[in-house]
Amino acid sequence: MIDKKGMKQMKFKIGVIRGDGIGPEIVAEALKVMNKVAEKYAEEFEYEEILLGGASIDVHGKPLTEEALAAAKSCDAVLMGSIGGDTNTSPWYKLPADLRPEAGLLAIRKGLGLFANMRPAYLYEELKDACPLRDDIIGDGFDLVVMRELTGGLYFGARKTEEKDGVLEATDTLCYNENEIRRIAIRAFDIAMKRRKKVTSVDKANVLDSSRLWRKVVNEVAADYPEVTLEHMLVDNCAMQLVRDPKQFDVILTENMFGDILSDEASMVTGSIGMLSSASLKEGTFGLYEPSHGSAPDIAGKNLANPIATILSAAMLLRYSLNMDAAADDVERAVKEVLQVGYRTGDIMSEGMKEVGTSQMGDRIAERI
């Protein structure tokens with residue numbers, strides 16, 4: 001396709017999962033930014049609306065339909081808001097576990113083959129005051145990435161609840177094979193090669209057989225990357241080190257449950273989980289991109305949510321799935337400029353700054369693309 005200026009125009013199909021809670025609000029702001037990118041770079045983005053989670057339950061009675069999964073597979077990438085609701089009050093959580101919103105999230109990850117979750121944790125100079133750590137710990141800031149295996153481990157193992165001798169007993173199975181470990185390790189080492197060339201592999205090898213296999217396979221992969229420094233760290237120590245000295249980390253490589261916990265800890269160390277993006281990747285260029293935070297149902301519809309994590313997730317989509325590095329740079333620069341001039345949503349507000357709502361923050365960033 002050729003636009004009016006005679007430039008060759010690409011057409012990309014982007015799946016859009018607005019999700020639950022604050023999801024529709026923050027996705028709307030990310031789409032503002034995407035549309036400005038399309039205009040600047042003479043690209044065409046076709047958006048495919050897809051229901052997932054509670055939004056799908058309300059319409060279809062299940063958190064993910066086969067039609068929704070097929071629609072996602074037809075896209076070049078998927079941009080997602082947040083999934084789930086208030087577990088104490090939402091009727092979604094009175095349903096069986098396999099029909100609750102998060103079951104749809106696990107199912108789409110599995111169905112799309114999204115085995116690698118990448119979560120950057122970067123401390124903006126402008127947000128140092130929001131960081132809960134002391135200045136002597138923060139220093140010049142930190143910049144790390146958590147690479148989490150996403151489709152194996154405890155969350156996907158066999159599980160059951162049964163009564164034995166009048167006592168209820170629940171069992172969850174943690175299982176990994178060497179191929180699952182190898183592919184996520186390769187992805188982590190590849191990313192480390194583009195960064196500071198250090199991988200910290202996190203496990204519980206002093207207790208778990210699955211972790212001892214994890215460590216063995218990671219060592220084998222490391223042999224193919226002599227430029228990358230590899231260290232092994234037990235998960236409890238890693239949790240402590242993230243708040244003691246986050247600067248020591250470059251790429252943290254770990255399994256599903258450990259990564260779920262550590263990535264949230266790493267994101268909170270930056271000052272607000274509302275600032276951090278996330279990418280779930282498969283082989284090739286396809287990925288599902290979402291903010292690291294949850295659906296925050298308590299502030300849904302109030303124009304209070306911070307859309308920056310979703311906007312930065314859109315930047316990752318541009319970079320890793322559409323190969324639009326310059327556009328991704330533009331989005332990241334626009335976010336930094338807006339912070340530099342003092343605009344803040346409530347979660348990152350500090351004295352002397354200018355507080356804005358969800359839509360106003362999106363406007364400020366989009367106008368700088």
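This briefing walks through one strand, the sheet around it, the helices on that sheet and some salt bridges. Keep in mind that the model is predicted. The centrepiece is an open sheet of 10 strands with mixed pairing, and we'll start from strand β8, which covers residues 198-203. After that come the charged pairs, picked from a total of 33 salt bridges in the structure.

**Strand β8 and its neighbours**

- Strand β8 is mostly tucked away, with five of its six residues buried.
- On one side, β8 pairs with strand β9 (residues 229-234) through six bridges, and the two run parallel.
- To find a spot where these two strands meet, look at Lys 198, whose bridge partner in β9 is Thr 229.
- β8 also pairs with strand β10 (residues 251-254), again in the parallel sense, this time over four bridges.
- Two residue pairs show you where β8 and β10 line up: Ser 201 has Leu 253 as its bridge partner in β10, and Val 202 has Thr 254.
- Helix α7 (residues 209-222) joins in too: β8, α7 and β9 make up a β-α-β unit, and that unit is right-handed.

**The whole sheet**

- If you walk across the sheet, you meet the strands in the order β2-β1-β3-β12-β11-β4-β5-β10-β8-β9.
- The edges are β2 (44-49) and β9, each of which pairs on one side only.
- From one strand to the next, the twist averages 25 degrees.

**Helices on the sheet**

- Helix α4 (residues 101-112) lies across β1 (11-19), β3 (77-82), β5 (143-149) and β12 (287-291).
- The direction of α4 is at about 150 degrees to that of β12.
- Helix α10 (residues 308-320) packs on the sheet as well, and the strands it touches include β2, β4 (116-122) and β11 (277-281).
- Compare α10 with β12 and you get an angle of about 160 degrees between their directions.

**Salt bridges inside helix α7**

- Side chains of opposite charge can pair when their charged atoms come close.
- Asp 209 and Arg 212 form a salt bridge, with their closest N and O atoms 2.6 Å apart.
- Both of these residues sit in helix α7, three residues apart, which is about one turn of the helix.
- Asp 209 counts as exposed because its relative accessibility is 59%, and the cut-off for exposed is over 50%.
- Arg 212 has 38% relative accessibility, so it counts as partly exposed.
- Helix α7 also holds Glu 220 and Lys 216, four residues apart, or about one turn of the helix.
- The side chains of Glu 220 and Lys 216 meet in a salt bridge at 2.7 Å, N to O.
- Glu 220 is partly exposed, with a relative accessible area of 33%, and Lys 216 is partly exposed too, at 47%.

**Salt bridges elsewhere**

- Lys 40, Asp 330, Arg 333 and Glu 337 belong to one network, joined by salt bridges that share partners.
- The side chains of Lys 336 and Glu 126 make a salt bridge of 3.5 Å, N to O.
- Lys 336 is in helix α11 (residues 325-340) and Glu 126 is in the loop between β4 and α5 (135-138), so this pair ties together parts that are 210 residues apart in sequence.
- Lys 336 is partly exposed, at a relative accessible area of 26%.

Conventions: Residues are numbered from 1 along each chain as its sequence is written. This is a predicted model: local features need pLDDT of at least 70, side-chain atom pairs count only at pLDDT 80 or more; totals for chains, interfaces and linings use all residues. Side-chain values use heavy atoms; hydrogens and water are left out. Buried means under 20% relative accessible area, exposed over 50%, partly exposed in between (1.4 Å probe, protein chains only). Two strands pair if DSSP finds at least two bridges between them. A crossover is right-handed if, with the strands pointing away from the viewer, the path from the first strand over the helix to the second runs clockwise. Axes are lines fitted to C-alpha atoms, for helices over the stretch in contact, and angles run from 0 to 180 degrees between N-to-C directions. Contact means heavy atoms within 4.5 Å. A salt bridge is a side-chain nitrogen of Lys or Arg within 4 Å of a carboxyl oxygen of Asp or Glu.
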